[in-house]
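Please find below some notes on the model, set out as numbered points. They are meant to be read with the coordinates open.

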Amino acid sequence: MSKMIGILTSGGDSPGLNAAIRGVGKALLGRYDMKVIGFRDGFRGMMENRTQRLDSAALSGILTQGGTILGTSRDKPYAMPVAGKLKDMTEVIVDNYRKHHLDALVCLGGGGTQKNAYHLMKQGLNVITLPKTIDNDVILTDVSFGYDTALGIATEAVDRLHSTAHSHHRILVLELMGNKAGWLALGAGIAGGADVILIPEIPYDVKKVAAAIMRRSHNGQGFSIVAMAEGAISREVAFKLAEIDKNKGSKKKEPKLPIRERIADCRPGNSLQLAQQLEELTGLESRLTILGYLQRGGTPSAGDRLLATRLGTACADLINNGKFGVMVAARGDGVKPVPLKDVVGKRKTVPLDHDWIESARSVHTCFGD
Ligand code: F6P
């Protein structure tokens, strides 16, 4: 009897998800004569037993499509909103796995998805995952699919902002996604030639940013582009957050509000505030652009289609070999299964001595430090 494999996509949508579904699905169907069933909207759909047939017709024509044909959600098996309350729905999900006589479940997603998949693995399910995120913050893989497309879009945004920046002699701040990692802002900032790059890994001093902009202005370059990661924080905020962390273990009674709300200006990626501060400090007109979901929308780049297909087909090979409890990671030109337990709960941030940072400094990019 043919084996039956389930597949779901979870977390934020990302370019390359459909290419990956197609890669896994076509290889399982055509090469290994297995059957494939999709669950709608991530772990929520698996809990609600909402399925979608993934036969060769369904897998055809999706390589170049953005988003995910399966739909997605950020719901977690062990904390799922049900009737207004967070409930542990793990058992229902495990039951549905058994009801469909699944031999394996493929989960496509970022850090949160890896954690959820690991949780199901611990319940005895045969789980295998692929790394997807525009943030590129999943560890133990060189890169995740989605990043290359987002990098291209973000770089084009930096390119296009140059026209207005130099014509109007303005400071243009561009807020980019990336969650708590700076890969997207750093990559796009370097590729697009941003004058200032602010990333969460390097808390910035706004006065140093203003000074760098003024130096450019005195040298006849009356405009500047600031590529700011949404997770970037100033030195003051970094200091306050460190203080809060230090006090967490103490017996002092904690106020009820969540940490970040207690200190109004502790919001990371406070790009509007930064644009205003730079205008005040430099006397130059300043404007803010937030690129938002444009970064993860639309057709995947050639690089992401290639990566997602490589990882997806390798995933099918691993399933055929009975290898579970792993994430299929990209390593150089090849792939490597890495234990899920080594992936969960960790984030790949930009190392401070990373080559990209050194290169950017060599072309006089300011990091505000
Ligand atoms: O993880 C991808 C990402 O786009 C992050 O860069 C961003 O912080 C987050 O998702 C936005 O989440 P949501 O889709 O829930 O608005």
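1. In this predicted model, the side chain of Thr141 comes to 2.9 Å from the backbone nitrogen of Ala330, and a polar atom of that Thr141 side chain also lies 2.9 Å from the backbone oxygen of Val143. The residue that makes these two approaches, Thr141, sits in the loop between β7 (127-131) and α5 (147-168).

2. Is Thr141 buried or exposed? With a relative accessible area of 4%, Thr141 is buried, because the cut-off for that class is under 20%. When neighbours within four places in sequence are set aside, the residues in contact with Thr141 are Pro131, Met327, Ala329, Ala330 and Lys348, so that Ala330, whose backbone nitrogen the Thr141 side chain reaches, also appears among the contacts as defined by heavy atoms within 4.5 Å.

3. The surroundings of the ligand consist of Arg74, Ile134, Asp135, Met177, Gly178, Asn179, Glu230, Tyr293 and Arg296. Polar side-chain atoms approach ligand oxygen atoms from several of these residues: Tyr293 at 2.4 Å, Glu230, through an N or O atom of its side chain, at 2.5 Å, and Asp135 at 2.7 Å. Taken on its own, the ligand has 400 Å² of accessible area, of which the protein covers 70%.

4. Helix α8, which spans residues 235-248 and has 14 residues, reaches 20 Å from its first C-alpha to its last, and this is close to the 20 Å expected at 1.5 Å a residue. Which residues of α8 are buried? They include Val237, Leu241 and Ile244, and these lie on the same side of α8 because they cover an arc of only 60° around the axis. An α-helix has 3.6 residues a turn, so residues three or four places apart point the same way. On the other side of α8, by contrast, Phe239 and Lys246 are exposed.

5. A further buried position is Ala210, in helix α7 (residues 206-218), where the relative accessibility is 5% and the residue therefore counts as buried. Leaving out residues up to four places away in sequence, Ala210 touches Leu278, Leu281 and Thr282. The C-alpha atoms of Ala210 and Glu279 are 8.7 Å apart in space, although the two residues are 69 residues apart in sequence.

How values were computed: Residues are numbered from 1 along each chain as its sequence is written. This is a predicted model: local features need pLDDT of at least 70, side-chain atom pairs count only at pLDDT 80 or more; totals for chains, interfaces and linings use all residues. Side-chain values use heavy atoms; hydrogens and water are left out. Helices (H or I, at least four residues) and strands (E, at least two) are DSSP runs, numbered from the N terminus. Buried means under 20% relative accessible area, exposed over 50%, partly exposed in between (1.4 Å probe, protein chains only). A polar contact is a pair of N or O atoms within 3.5 Å; within protein, one must be able to donate a hydrogen and the other to accept it, and residues adjacent in sequence count only if both atoms are side-chain atoms. The expected span of a helix is 1.5 Å times one less than its number of residues. The arc is that of the directions from the helix axis to the C-beta atoms. A residue is near a molecule or strand if one of its heavy atoms lies within 4 Å of it. Accessible areas come from the Shrake-Rupley method with a 1.4 Å probe; for residues, only the protein chains shown count as cover.
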